[in-house]
Number of protein chains: 2
Amino acid sequence: MPKYVYLFTEGNASMRNLLGGKGANLAEMTNIGLPVPQGFTVTTEACTKYYADGKTIAPEVEQQIYDAMHKAEEIAGKKFGDINDPFLVSVRSGSRASMPGMMDTILNLGLNDVAVDGLAKLTDNPRFAYDSYRRFIEMFADVVMEVERKHFVAELDAVKAEKGVKGDTDLTAEDMKEVVKRFLAVYKKHKGEDFPQDPKVQLMESIKAVFRSWDNPRANYYRRMNDIPYDWGTAVNVQAMVFGNMGDDSGTGVAFTRNPSTGENEMYGEYLMNAQGEDVVAGIRTPHPIKTMHESMPEVYDQFLAISEKLEKHYRDMQDMEFTIERGKLYMLQTRNGKRTAAAALKIAVDLVNEGLLSEEEAVLKVDPRQLDTLLHPNFDDKALKAATPFATGLPASPGAGAGEIYFTAHGAAAAAKDGKDVILVREETTPEDIEGMDLSKAILTARGGLTSHAAVVARGMGRPAVVGCHDIYIDEEAGKMTTTSGEVFHEGDKISIDGTTGKVYKGLIPTVEASVTGDFATLMGWADKARRLSVRTNADTPKDTQQAVEFGAEGIGLCRTEHMFFEANRIALVREMILADTEAQRREALRKILPMQQKDFEEMFIALQGRPMTVRYLDPPLHEFLPQKNMTEEIEDLARQLNTTADKIVEKIEALHEFNPMMGHRGCRLSVTYPEIAEMQTRAVLQAALKVKKDTGLKIVPELMIPLIGTRKELAYVKSVVMDTAKKIFEEQNDKIEFMVGTMIEIPRACVTADEIAEEAEFFSFGTNDLTQMGFGFSRDDATKFLDSYYEKGILEADPFARLDQNGIGKLVETAITLGRKGRPGIKLGICGEHGGDPSSIEFCHKVGLNYVSCSPFRVPIARLAAAHAAINEKNA
Amino acid sequence: MPKYVYLFTEGNASMRNLLGGKGANLAEMTNIGLPVPQGFTVTTEACTKYYADGKTIAPEVEQQIYDAMHKAEEIAGKKFGDINDPFLVSVRSGSRASMPGMMDTILNLGLNDVAVDGLAKLTDNPRFAYDSYRRFIEMFADVVMEVERKHFVAELDAVKAEKGVKGDTDLTAEDMKEVVKRFLAVYKKHKGEDFPQDPKVQLMESIKAVFRSWDNPRANYYRRMNDIPYDWGTAVNVQAMVFGNMGDDSGTGVAFTRNPSTGENEMYGEYLMNAQGEDVVAGIRTPHPIKTMHESMPEVYDQFLAISEKLEKHYRDMQDMEFTIERGKLYMLQTRNGKRTAAAALKIAVDLVNEGLLSEEEAVLKVDPRQLDTLLHPNFDDKALKAATPFATGLPASPGAGAGEIYFTAHGAAAAAKDGKDVILVREETTPEDIEGMDLSKAILTARGGLTSHAAVVARGMGRPAVVGCHDIYIDEEAGKMTTTSGEVFHEGDKISIDGTTGKVYKGLIPTVEASVTGDFATLMGWADKARRLSVRTNADTPKDTQQAVEFGAEGIGLCRTEHMFFEANRIALVREMILADTEAQRREALRKILPMQQKDFEEMFIALQGRPMTVRYLDPPLHEFLPQKNMTEEIEDLARQLNTTADKIVEKIEALHEFNPMMGHRGCRLSVTYPEIAEMQTRAVLQAALKVKKDTGLKIVPELMIPLIGTRKELAYVKSVVMDTAKKIFEEQNDKIEFMVGTMIEIPRACVTADEIAEEAEFFSFGTNDLTQMGFGFSRDDATKFLDSYYEKGILEADPFARLDQNGIGKLVETAITLGRKGRPGIKLGICGEHGGDPSSIEFCHKVGLNYVSCSPFRVPIARLAAAHAAINEKNA
């Protein structure tokens, strides 16, 4: 029979997959002799089994839990429900990957009508004991039994009113006893049965609740955002309680071995005396900086420093620790590799190499590619910032600049963001329920909480700028307004700017400037480049984007979307003239006028690339995208005047171009088949530009001409023949020639399964995984949002397949195309240019299947370089 | 070096692929000693090579042609260009499959300024000689050199005017000499060079022209319609000319060994004295019945009868023969298995078995499944027909009834048919250019031509009703009207009805009745059923269709589209109520009202099926399809009143349901994921109906519940769990149960490549190849017509992939799904329910890949049965 339960003494840090991060680290800390309240971990496999068994805990698992419980009692020298010294435990989730606040926790488990008196006697503090019991009842009822918390809050308020007091702390021991009595009655009323007195029942129900919480909506959302597979499951940690709220010689705190915002090598954190750990994390009371503990409890502080140092050396990474002091004795409740900002991640990784703790490749793995995003995005324009006066200042919890319209609920912020608005989420404090709204906001502002509050931790993880604990504002969520200490009022939709690096908040939208990358960035990226095998190119359509991408390390252009060049004001008229042409001759005349403009673009881009390769995709979108909408009467009339035709005729053409499913309509290479003169013009634009730049600069240029949306070999053969004939003409005209390649995007499922044939014509493939995902799933990207939420909720999909390549399905089509493509043309050049090209997990897939390069937007180039390095190093280490 | 040219003495009937049908049969007739003008065949491989070599004839092929030409001269004892007895030849195409009139022919080749005098001397008929020469010049210029025929017609008309004569026959030998002179000048004017005098040049250019004609638009259209691959190529037959126009002891004719309309065992055909073969086929002069030749040329007729009998026995099939009598001597110019109506095909096949010439399986192969269509479609209602008086009568060229609006050009008819109109093509006579218009018309009416005219032959092949040679009408194409002998005038768009079985033409639309199938039909289908391995089911949504399909031999329902049941007038309001519901409760209320109606439908269908299986597909289309269009104000207001809501709210909902690409939107199983209550209702409707019919009738019913549009295993698992939970409830409620299966349509590419996983949940797969073709190609069926014509023209696609399964691409996805599906669930039941299920070539594919059944529309069930038999027999014979 498999072992489903491990005492902390039986595990170690390498058992993370089985024990979860928290469980493995509690075991490891136990092993290296640190003061850890003892207990046991129910494994992630037990969680998976729980779901496989139809959400029940099998008898053999239950038995192992009871056995472990007895052993834990022995270790603690206490007994569950003991009238003198009851054994109390916490029950917490702990998955393989850290998911802060996403799942449920139960504290003070083991209390019942008898044990509460034992606790009162032992601590000589009846008020504490009854307070603990009423907290446990409330928490158990809420988390485990789904009795809404508000019923308990109402009862507590009633008692306070009766006693004529305001705060919880004003209630006496006797008052608390009354609260307990009433809470037990509330429980019975809503559940139809007494509050369970048997700690075994309390425990088993709590473990089930933690397992259940793995599947709650906010956990599912968090996993989707962080690429954590559903089938990993969570472990459950049952640990002896220690109390930071036993008086002034007790306390609790959270600390990092280095500064998680900047990476500075300095102890960083906060603590509260006479408090429970949840008080710090939840941000309800504002705690003190950890360093001040040096004065309040010097011995404990020194002990804590020593432990911190030991842990960082042991784990060879910055640690995020939770501790509790119970009557002067220090207990470690948790350690884990700390979350940090991108800048901090870079600095810590480089420092750890310099300190001799890590190799270069190990350091590369310490930085999450997704995080780099924050470094690469704009900050406020310095001049504009200097001219602005902040109306409020809070704690700089997550760096970066964000500006937008304010919303006071996560729900409202999410809805507005989905409507395309730039949104700032402003909250009294955030809760785990706010996760989606936080993710979709440009920045976050809270009035309460410290640097390790929920808002701060989550925002840093997301790379979202955040200012927290901003006491200069007062938020009235109900009224939908925020008032500053100076009396200024902001309503929903008002615009503000937030600087997460300084903690300052400004009125209006402050313009932003490009990010500049620091020395640590360059150092680490250099190590990454040494390690990776995949090339990284960029998707760029302008010389400016090209320049930016080259600065970010792009090794060429993997996708130049030529249609973007068509939308410029002075060109769209010509493009429309071309589309509205009745005859090939008219169409050719319009194309003749477009040619020099498009050629000029390519010349500039070839120069910006300085000899790096460029893949040019031929015109792709359906033609109606270039025309005004049918109901834009004024624009149509203008156009009619310009083109010397009638508005009716233009409307007629717009109607003729209407398609029921434009995504699967007349676009891509289908345009070149029906109007080969467009392909001729584009061939001229690219090749003539290359010839000119070659002549002017001596650069060696080998343009890669990419025909999109190919589904059959003959389709490509036809368009290629147009390209080749045109090239031949150009070379004859100019009495000069250059090398060039003709290839195709693989984005049609049929192309994947006939890639051997297509490769006979194509010198390269570039996977267009956006469209391949659309056609492969039969999901219209523009429409799928309507039902994808249900898919996530019901666990049918774990991630948005447009953001993260569906390796299991669409990936199979890609692999088939690779295998067949190589069969058709050994050594064929392979890349990817869909948006997945900038997604780390998809990049890992691209590495594994052996692509030559990925191509992504300029700002994702560094992310792709790092992700490619991760893939290569992980493969080597495997 | 391969042999590219065969003398008729070197080939035989088995070399059809290499020599084409005509060439192989000329060789075979030569072998069995029949009188055949000798010559040679340039092979289909030479044609393929011509295209591979960039449309040039390679020197080695050219040399072989010259060598064969010399040998043919020797055999004939004549010489090209001889001034006394010039060797003249015809050059004709001949592909593997018969493509009548689709490609080009050149006659009298070998004539030049010198040889024409030789011919005049030899025949002692200068007028004939000059007439032959001018015809050759005109034909060569038109067909080979692309000089438009009208230039020659104009010149001929000019000469006639100058000479004051009306008919060609009124021109004298001297006049014809003048015509020749002018034709040579016309040629020189348009080509800038003299008419080629060297017969070698004439020959080589003519052969190239035939090769080119393989790729002309009408040939491409014909091939697409008849599933003939482009890469087969055509052979070219060069044959010594014989002349049926050398006087009254000469003639030419076309005959069938049995009646191609009815299958009666009687000689059937026509001939013309003093005429060339083209005169009969083109329908310009109305010929005499073949049997009258018994009187005019009894000896020749007896000889012809003997040859006919010999050929039919030799080929063991009805023969279609062309012959020429030159000065009393009979020559066979062609024999081939004759085209015939479906009824004739059945009768001939059954008769040949009874006569001991064929085995049952051989007879099954003699009937083309596509042809059966004509037998299964309606004829005119007898009563209505008796009440009607025809306004015209012609020759009953192709049986069946057709009614619709008249069009006088093939182009106009095709355009109207594409607009969804029922169209009758009315022409003076049809030409090969009319092929598409004929195909898209309901029936064809011509004023001229006989039973073997172009219109008649092609219409019979298509199964299109046709009346030809109708002298009661006069057609003025220019004016767009038809006048009857009684003076009645019909304009374009007027409605008429045509009975191709009787030759009668009626005014207005006569109602039609179902077809009844004859004894030969039943006999042959019985043989087919013995031979086939595939089951044949039907797509049916009503008890009536089900009944019809069962009569046609359907073995069950492969696809019941439940949404069709939703469109009935009394239901659509409820469906709309369901769609417009704001809450699940409202939606459930509407569904509760729909349930008994849908259940009743299923009860009736289960009874109609009498225990045969039924696959029920759950709701598939996007919901907006059930709502009025946004601009249908009145209907929306009605609906608002019915549902006690506002029109604005309904418009808002319609807008909310709008999708950019509905084909890839919120439909299929995605509806069941977002609104599981719909799947619950449908499960209830099917299972409760099955339980009731079981109880009432004792029939054993195993419903097959099919979830559409599945792309992932988890999607199916989720919907299946809804189905299973509902089934459990029903069985508990009723204290009774039945077996049922849950499966899926495979129509999403992703489902094909993950079919192993999906099969773990699915008890059966039914391939929805319509959608699979859409997603696999990325072709929206509703939009693709806009560019598919270009694809056919440019040879990128050979067939409409929605009509004929693209075996090379979409077929690979199907094969992958089959292999993986069987891996996931050995013995999984497999079928197809897309429209390809009724297409013979696709059915052959389904047989090969080992599906259990095909499902098609009721009227295609017999076609599918026969096609399945063909596939099985051909496989056995291979």
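Me: Where in chain A does A:Phe660 lie?
Reply: Keep in mind that we're looking at a predicted model. Two helices of chain A frame the spot: α25 (647–657) and α26 (669–674). A:Phe660 lies in the loop between α25 and α26.

Me: Is A:Phe660 buried, partly exposed or exposed?
Reply: Its relative accessibility comes out at 47%. Buried would need under 20%, and exposed would need over 50%. So A:Phe660 counts as partly exposed.

Me: Which residues is A:Phe660 in contact with, leaving aside its neighbours within four places in sequence?
Reply: Look across to chain B for these. Two of the partners are acidic by the usual count, B:Asp782 and B:Asp783. The full list is B:Phe660, B:Asn661, B:Pro662, B:Asp782 and B:Asp783.

Me: What radius of gyration does chain A have?
Reply: Start with the chain length: with 878 residues, a compact globule would be near 29 Å. The value for chain A agrees with that. Along its principal axes, the C-alpha trace spans about 100 × 60 × 50 Å. The radius of gyration of chain A is 31 Å.

Me: How much of chain A is buried?
Reply: Chain A has 35 helices and 31 strands. Among its contacts with a separation of 6 or more, 69% come from residues 24 or more positions apart. As for burial, the share of the 878 residues is 59%.

Me: How far apart do the centres of the positive and negative side chains of chain A lie?
Reply: Chain A carries 104 positive and 132 negative side chains. Take the centre of each set, and the two lie apart by 3 Å.

Me: Over in chain B, which residue takes a positive phi in the hairpin of β9(B) and β10(B)?
Reply: Strands β9 (residues 319–326) and β10 (residues 329–337) of chain B pair in the antiparallel sense over 8 bridges. In that pairing, B:Ile325 stands opposite B:Leu330. The hairpin has 2 residues between the strands, and the positive phi, near 50°, belongs to B:Arg327.

Me: Which elements do the buried residues of α34(B) pack against?
Reply: Helix α34 (residues 840–848) of chain B is mostly covered, with 7 of its 9 residues buried. Those buried residues include B:Ile843, B:Phe845 and B:Cys846. They pack against α33 (810–824), β30 (829–832), β31 (853–856) and α35 (861–877) of chain B.

Me: What positive phi does B:Gly850 take?
Reply: Follow chain B past helix α34(B), and B:Gly850 comes just after it. The phi there is positive, at about 85°.

Note on methods: Residues are numbered from 1 along each chain as its sequence is written. Chains are lettered from A and ligands numbered from 1 in the order in which they are written. This is a predicted model: local features need pLDDT of at least 70, side-chain atom pairs count only at pLDDT 80 or more; totals for chains, interfaces and linings use all residues. Side-chain values use heavy atoms; hydrogens and water are left out. Two strands pair if DSSP finds at least two bridges between them. Helices (H or I, at least four residues) and strands (E, at least two) are DSSP runs, numbered from the N terminus. The radius of gyration is taken over C-alpha atoms; the globule rule is 2.2 Å times the number of residues to the power 0.38. Buried means under 20% relative accessible area, exposed over 50%, partly exposed in between (1.4 Å probe, protein chains only). Contact means heavy atoms within 4.5 Å. The place of a charge is taken as NZ of Lys, CZ of Arg, CG of Asp or CD of Glu.
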